[in-house]
Amino acid sequence: MNEIQLHLFIFPAFLSLFLLWSIKRWLYKPEPKKKSPPSPPKLPIIGHIHQLGSLPHQSLHSLAQKYGPLMLLHFGRVPVLVVSSADAASEILKTHDLAFASRPDFKAFKKLMYDGKNVTFSPYGEYWRKVKSMFALQLLNARRVQSFRPIREDETALLVKRIGESLGTVNLSEMFAEVTNDVICRSAFGTKYRVMGNGKQLLKSMVELMELLGSISIGDFVPWLGWIDRVSGLDHKLKYVGKEVDDFLEHVIRQRVEARKRKAVLEKGGESFLDVLLEIYDENAAAHSISIGRDNIKALILDVIEGGSDTISTTLEWVMTELLRHPTVMKILQKEVREIVKDKKDISEDDIGKMQYLKAVIKESFRYHPPAPLLAHRVAREDVKVKSYDISKGTLVMVNVWSIGRDPSYWDEPEKFKPERFLTNLKESSFGWIPFGAGRRGCPGMTYSMAMIELLVANIVHKFDWKLPKGVVLDMTERAGITIHRATPLLALASKAT
Ligand code: HEM
């Protein structure tokens, strides 16, 4: 081939290649690079799981100081978005609420909550919408919360009597756990249950259940390491505790069904949650446009017990801890309560309505010690842009309420316990104060909880004076779990009010 022939061949070949390349570029535009939130260095296989520590909300708070309020971690193969400011929380819980309205399907949730049939761990969808609206409209509406008033009053009176009989050092943690359990059981089942069928303490089983719900199963994040859950005993514990709680619920439901057949009257305090559910179950399914079976009832009852007991008792513990740490705040509160109640024997809910400082103390305690410091995890249902970041479908979202309550750009002197901040501005209406979460998946139990916490705190500061036992230094260490309790029981010295 001479030189001219060669040129004649090469030129069209180049031209065709160039045309092919241009067409390909035009047809298949390369995906724009995704922008992820800042992320700390990670380990192979497990990613950032090792950085959670025993108190994840605190470890994540420290990491967020360095990587910012929207931070991306990886737990095994699962991307995890950690949210640590009011502004970022508003993006998740308000702007993109629907996109983040689902929950993860962790093994513990499925095994202990009847395959996710409860409200809290149910994925977003038709079933969740129905049971959530049933919770909000029928189980926890204002009228029903009001109907439980005699239960709250009875149990508060019993607590006051118990403290009065054992003036001196009292174990407030234990007392709060018991009174909360009694109120919740009476609201849920119409009667108190401390002991289960086999003589085991219900409270102890509930503590085990909560611990398991808060535990990490490695198989959820690195499926091929799932065998570790077997070897570590987690799988066995899930089965054992699940069975124990199921036996108890079965026993209670059978008793209640029998009592309903005999038309036995409830203890005072209106229709229980279980009665409402049984009504829907056996009589009225069509009218409620929802079909629920035995497992659904058990799962929904567990929502009430695990949603209510631990969260309320831990709130009471922290409120009293802060009052004991701040005697001046205690004095101001006692003055308010005593001036409003005067020499009446009982505190009415009308009286409570006037106690603005009491409400401020409780709100401040929620800010500083949110009982569920990481809310309940959310999951992204679709790809979504948050601020300028691309968050992919399936990302697990942790909203660090503990961190948000300590954000100095939002709260003035966040490390100080200052109830006054809630008297002067309504901070709790925005996303800096979200101990009950917000948006579609927000907690439906806030009114119920507040009614109980306010009545209990008002009564015990009204009837008694409190201080720390001699030589006791308040230990502020937290105990790990899905709700955060004190690591050591709260002991306090009670004397008759002066
Ligand atoms: C001090 C008391 C309580 C606190 C601090 C609390 C806190 C929370 C939090 C943080 C969430 C997750 C919200 C979110 O993802 O945005 C939640 C959900 C929930 N809570 Fe509560 N809660 C309390 C009491 C109660 C009570 C008394 C009940 C029932 C009687 C209850 C039932 C529920 C249910 C059913 C959900 C799931 C809502 C959903 O996923 O749609 N909670 N709670």
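At what angle do helix 7 (residues 149-165) and helix 20 pack, and how far apart are their axes? Before you select anything, keep in mind that this is a predicted model.

**Stop 1: helix 7 and helix 20**

Select helix 7 and helix 20 and look at how they lie together. The angle is about 30 degrees, and the axes are 10 Å apart. Angles under 35 degrees count as roughly parallel, and helix 7 and helix 20 are therefore roughly parallel to each other. Their crossing is right-handed.

Now turn on the side chains. From helix 7, pick Arg152, Thr156, Leu159, Val160 and Ile163; across from them in helix 20 are Ala451, Met452, Leu455, Leu456, Asn459, Ile460 and Lys463. Colour this contact by class and you get eight nonpolar, two polar and two charged residues.

**Stop 2: the three-stranded sheet**

Next, select strand 3 (residues 168-171), strand 8 (residues 464-467) and strand 11 (residues 491-496). These make an open sheet of three strands in the order 3-11-8, with antiparallel pairing. Strand 3 and strand 8 are the edges, each pairing on one side only. From one strand to the next, the twist averages 40 degrees.

Zoom in on strand 11 and check its two partners. Strand 3 is joined to strand 11 by four bridges, with Val170 standing opposite Ala492. Strand 8 is likewise joined to strand 11 by four bridges, running antiparallel. To find your place there, pick Trp466, whose bridge partner in strand 11 is Ala494.

**Stop 3: helix 8, from the sheet to helix 14**

Keep the sheet on screen and add helix 8 (residues 172-189). Helix 8 lies across strand 3 and strand 11, at about 50 degrees to strand 3.

Which helix does helix 8 pack against at an angle of about 150 degrees? Select helix 14 (294-325): the axes of helix 8 and helix 14 are 9 Å apart. That angle makes helix 8 roughly antiparallel to helix 14. The crossing of these two helices is right-handed.

For the contact itself, show Leu172, Ser173, Phe176, Ala177, Thr180, Asn181, Ile184 and Ala188 on helix 8, then Ile301, Val304, Ile305, Gly308, Ser309, Ile312, Ser313, Leu316, Glu317 and Met320 on helix 14. The class count here is 11 nonpolar, six polar and one charged.

**Stop 4: helix 9 on helix 14**

Stay with helix 14 and bring up helix 9 (residues 202-214). Is this pair roughly parallel or roughly perpendicular? Helix 9 and helix 14 pack at an angle of about 100 degrees, with their axes 11 Å apart; they are therefore roughly perpendicular to each other.

Met206, Leu209 and Met210 of helix 9 make the contact with Ile305, Glu306, Ser309 and Asp310 of helix 14. By class, that is four nonpolar, one polar and two charged residues. Ile305 and Ser309 will look familiar, as they are also among the helix 14 residues in the contact with helix 8.

**Stop 5: the ligand**

Now select the ligand and the residues around it. Which of the 27 come nearest? They are Gly307, Gly308, Gly437, Cys443 and Gly445. Two or more residues of the shell come from each of helix 5 (126-139), helix 14 (294-325) and helix 20 (446-463). Helix 14 gives the most, with seven residues. By class, the shell divides into 15 nonpolar, nine polar and three charged residues.

Gly308 is worth a second click: besides being one of the residues that come nearest the ligand, Gly308 is part of the helix 14 side of the contact with helix 8.

**Stop 6: the four-stranded sheet**

For the last stop, go to the open sheet of four strands, ordered 1-2-7-4 with mixed pairing. Its edge strands are strand 1 (70-75) and strand 4 (378-379), each of which pairs on one side only. Strand 4 meets strand 7 (residues 396-399) in the antiparallel sense, over two bridges. Pick Val379 and you will find Leu396 of strand 7 opposite.

Finish by adding helix 2 (residues 56-67), which packs on this sheet and touches strand 1, strand 2 (78-83) and strand 7. The direction of helix 2 makes about 125 degrees with that of strand 1.

Terms used:
Residues numbered from 1 in each chain as written. Predicted model: local features only at pLDDT ≥ 70, side-chain atom pairs only at ≥ 80, totals over all residues. Near = placed C-beta within 6 Å. Nonpolar A, V, L, I, M, F, W, Y, C, P; charged D, E, K, R; others polar. Axes fitted to C-alpha atoms, helices over the stretch in contact; angles between N-to-C directions. Parallel < 35°, antiparallel > 145°, perpendicular 65-115°, else oblique. Left-handed = near helix turned anticlockwise from the far one by under 90°. Contact = placed C-beta atoms within 7 Å. Pairing = 2+ DSSP bridges.
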